[in-house]
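Okay, thanks for having me, everyone. Let me put the structure up and then walk you through a few packing details.

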Amino acid sequence: MKRTFTLVFLMAAMVTAFATKQSVSKVEPISWWVGMENPELQLLCYGNDIQNATVEIDYAGVTLTRTEKTDNPNYLFLFLNIDPSTKPGTFNIVFKNGKKKISKWAYTLNARNQGSKQRVSFGPEDAVYLLMPDRFANGDYSNDSVKGYIQGVDRSDLGKRHGGDIQGVIDHLPYIKDLGCTALWITPFFDNNDSQYSYHHYATGDYFKVDPRLGTNELYKALADSCHALGLKLILDVVPNHCGIVSYWTNDLPSKDWYHIWPTYTSSNYRMTAWTDPHAAKLDREILEKGWFSYNMPDLNLENPLLFKYLSQVYIWWLEYGGADGIRVDTYPYNNIKVASEFMKTFRNEYPNINIVGECWVKSPLEIAYYQSGNNNKDGFDSNLPSVMDFVLKDKLQEAFNERDDWDHGMAKFYAHYAQDFAYPDVNNIMNFIDNHDIDRMSGAVNRDLNKYKMSIAMLLTTRGFPQIYSGDEIMIDGIPGNYEGYRFDFPGGWKDDDHNAFTAEGRTTEENEVFNYMRKLLNFRKSCTALQTGKMTQFIPYDGIYVFSRYDDNSRILIIFNNSVNDQLVSLDRYKELFEGSTTGTEIITGKQIDFTTKLSMPAKTAYVIKIIES
């Protein structure tokens, strides 16, 4: 289904029928805090013909420094300076027309939580669990359908809502912890009352409201508190490129340049390489940056300073209110990347320790490295993204175990990929994954071959960088290749009428338990093994399907051996002795088997061994 939103439509939306009575219906952000690093607060005020209103504020420490108008008389932007000495409390913002009071808006400044600025973020020591709330677990059936919201629950249709919610996530946090993950990334949860595909929530309608079919603002805060009580970190999904067509903005744009508007509907070309291509045409970059992600996702113009400030404050508000520990950024290179860099800087200025991982879906290590902060890029660009996602490794993981090994196939793909790690300024702060909510499931990529699947898990959990587990990876959940909704199956057991419950050992199938236990063992080992978190890596050129590398630091040495051959092999370890020099034995983590380095190692076909070297 397609919709066309023309320039005429969106410009017509600017010409609304104003009521004769002036009024104020929105002030955003809906609240703020004292003691923030940036003392300037921008308030978006929306109402009937309020642009020419005068504004009065009388509160100790709060100064109205200026107002700013746009080409839409229904918006007025206020800029407040909040002195560091300001006390928490509520004050009135008074809007007047001459001496006549139009409206009085109560505004609250809260006290920051202790240590908010210096919060500890996620990083190489963590394993991240990714889930989509609508597809994970239904913890509250009373919110499946909400009055005034178009879509209710229809689990028979992969494109519609299925009823998972924040309460369902809270209910299963002990499961995530038991698996061995230490951080949780949930996809967006903002209000999205659209008639199509509202379940994924990447098309925001209201930035300061949790969609009631997922829960409430208070419940999101309870999620963060519950995570922290279990020692889990929470990652906020930030979407700077687009909003939802259902936003109130669409019918009454704050300014003509709030969205990127085209004469006829124009989608992005999705070719992010255009930013790093030294020969790129201006038109290609323009369509990449300003084309819409989808017909129901208007492209935001972050070069508008009012929108830039508004959106940065949105996510700072959720970090401060909810207490999340880090950020994942959606579709970073679909924005003007120089503006996106400044956008990331607002978060890093407010929270100096915060880690931000960016989705930069490009197809070479050099391009990915370009987007990691601290890289010495020839053009001087710095993304302000401390972490990036390794989409190239994802490709290798979905390909290599299906291939016969030769010069550049099979395990040679990993060797060649890691050989390009010189490009990264911080190779340990890279997010690795076998799949996620936007790509084919690993189960399909290996045609549900259990041994190949377990090898992919072993690589994911032992290589440099840190792993992201997508909900269902731990049970080799099925998917539909080439279909977005086919990547987003419900987690079995998340609904009371499900046939089986994969949240428990008793409810899982034999195969699901084998995968789960394999992943759980490695994840929990990694949790206590600093060598697999931040250790150095040494790899050997693979031969005959045998690929060997080591992760090591002052605390321990880990030897990882893959046999990608279709045949069992006796592997002589003499060639690799520099990796275990001074020791003669090790312990294979999954089986507990003792490994003698002085004899040939018998390895079954399509197997990975993770061996902790026993120091003599």
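What follows is a tour of some helix pairs, an open sheet and a few strands.

Before that, the fine print. This is a predicted model, so to speak of local features I need pLDDT of at least 70, side-chain atom pairs count only at pLDDT 80 or more, and totals for chains, interfaces and linings use all residues. Residues are numbered from 1 along each chain as its sequence is written, and side-chain values use heavy atoms, with hydrogens and water left out. Helices (H or I, at least four residues) and strands (E, at least two) are DSSP runs, numbered from the N terminus.

Let's start with helix 13, residues 450-462, and helix 14, residues 510-527: their axes come within 10 Å and cross at roughly 15°. That makes the two roughly parallel, a label for angles under 35 degrees, while over 145 is roughly antiparallel, 65 to 115 roughly perpendicular and the rest oblique. Axes here are lines fitted to C-alpha atoms, for helices over the stretch in contact, with angles from 0 to 180 degrees between N-to-C directions. On the helix 13 side the contact (heavy atoms within 4.5 Å) includes Tyr 453, Ile 457 and Leu 461, and on the helix 14 side Val 515, Tyr 518 and Leu 522 are among the residues. Split by class, that contact has 10 nonpolar, no polar and 4 charged residues. For the classes, Ala, Val, Leu, Ile, Met, Phe, Trp, Tyr, Cys and Pro are nonpolar, Asp, Glu, Lys and Arg are charged, and the others, Gly among them, are polar.

Now the sheet. It's an open one of 6 strands, ordered 19-20-21-26-23-24, with antiparallel pairing; strands count as paired if DSSP finds at least two bridges between them. Strand 19 (536-539) and strand 24 (594-596) are the edges, each with a single partner strand, so one side of each has no neighbour in the sheet. From one strand to the next the twist averages 30°. Strand 20 (546-552) and strand 21 (557-563) run antiparallel and are joined by 7 bridges, and Phe 549 sits opposite Ile 560 in strand 21. And here helix 13 comes back: it packs on the sheet, touching strands 20, 21 and 26, and its direction makes about 150° with that of strand 21.

So which side chains of strand 23 are buried? Gly 586 and Glu 588, pointing to one face, are buried, whereas Thr 585 and Thr 587 point to the other and are not. Buried means under 20% relative accessible area, exposed over 50%, partly exposed in between, using a 1.4 Å probe and protein chains only. Strand 23 makes a hairpin with strand 24, with 5 residues between them, and Gly 592 in the turn has a positive phi of about 80°. Towards strand 26 there are 4 bridges, again antiparallel, with Glu 588 opposite Ile 611.

Over to strand 10, residues 183-186, which is covered on both faces: Ala 183 and Trp 185 are buried on one side, Leu 184 and Ile 186 on the other. Its pairing is parallel, with 4 bridges to strand 9 and 3 to strand 13.

Last stop, helix 10 (391-399): 7 of its 9 residues are buried. Its cover includes helix 9, helix 11, helix 12 and helix 13. That's my tour; happy to take questions.
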